Amino acid sequence: MKLDGSCHCGAVRFSVDAYAPVPYLRCYCSICRKTAGGGGYAINLGANADTLEVTGAEHISVFHARIDGRESPGERRFCARCGSALWVSDPRWPELVHPFASAIDSPLPEAPAHVHMMLGSKADWVPVQAGPGDEQSDDYPPESLEEWHRAHGMLDEGKKMEGGA
């Protein structure tokens, strides 16, 4: 599924082919919450890095979070003009890019259920609005983005990278 996205001010626009386009995974970790999650969590999608096309790249900045006192190799890209979170990628998995659902302008498929992850890091003020069939995990869930999409019949096999997560 082709996704089109942008920042709030319009300085950055991008498109990418997503093999895992369903916004089902809600991450409550402090990094996602503080960099992209106004509701207390952020939602990442799964896409193929080699399909990413960007206009306004000169307006993008990169943030490396600190985990256990060390800089993470994960690269969180955001608009330097308005601060909108755009996507996260990691050089350890160069074939993947994870756009933030909040930056996507294209209509996204509705999730049949949600996974609430990193609840061990959830802020006290954030309610977990879990519905029937939703899963909850204190850290990472057992299924990857790809596995969840496949199990729910929503994986876009035509867009999946060989060896992708």
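**Poking around S6 and the cores**

Me: Is S6 buried or exposed in this structure?
Reply: This is a predicted model, and in it S6 has a relative accessibility of 11%. The cut-off for buried is under 20%. That 11% falls under the cut-off, so S6 counts as buried.

Me: Which side chain does the side chain of S6 make a polar contact with?
Reply: S6 sits in strand 1, which runs over residues 2-6. Skipping neighbours within four places in sequence, S6 is in contact with V12, R13, F14, L86, A103 and D105. The polar contact from the S6 side chain, at 2.7 Å, goes to the side chain of D105.

Me: Which helix gives the largest share of the largest nonpolar core?
Reply: That core has 23 residues, and Y24, L25, C27, C29 and F100 touch the most other members. Strand 2, strand 3, helix 1, strand 11, strand 13 and helix 2 each chip in at least two residues. The largest share is 3 residues, and it comes from helix 1.

Me: How many residues are in the other core, the one with V12 and I43?
Reply: F100, from the 23-residue core, is in contact with I43, and also with residues including A36, W87 and V88. Still, I43 is listed in another core that lies apart, along with V12, I60 and A101. That core's residue count is 18.

Me: What percentage of residues 3-134 is strand?
Reply: An unreviewed UniProt entry annotates this stretch as "domain: CENP-V/GFA". Its end C-alpha atoms are 25 Å apart. Helix makes up 5% of it, while strand makes up 36%.

Note on methods: Residues are numbered from 1 along each chain as its sequence is written. This is a predicted model: local features need pLDDT of at least 70, side-chain atom pairs count only at pLDDT 80 or more; totals for chains, interfaces and linings use all residues. Side-chain values use heavy atoms; hydrogens and water are left out. UniProt positions are given in the numbering used here, feature names are shortened, and annotations may be inferred rather than shown by experiment. Helices (H or I, at least four residues) and strands (E, at least two) are DSSP runs, numbered from the N terminus. A nonpolar core is a set of buried Ala, Val, Leu, Ile, Met, Phe, Trp, Tyr and Cys residues joined through side-chain atoms within 4.5 Å. Buried means under 20% relative accessible area, exposed over 50%, partly exposed in between (1.4 Å probe, protein chains only). Contact means heavy atoms within 4.5 Å. A polar contact is a pair of N or O atoms within 3.5 Å; within protein, one must be able to donate a hydrogen and the other to accept it, and residues adjacent in sequence count only if both atoms are side-chain atoms.
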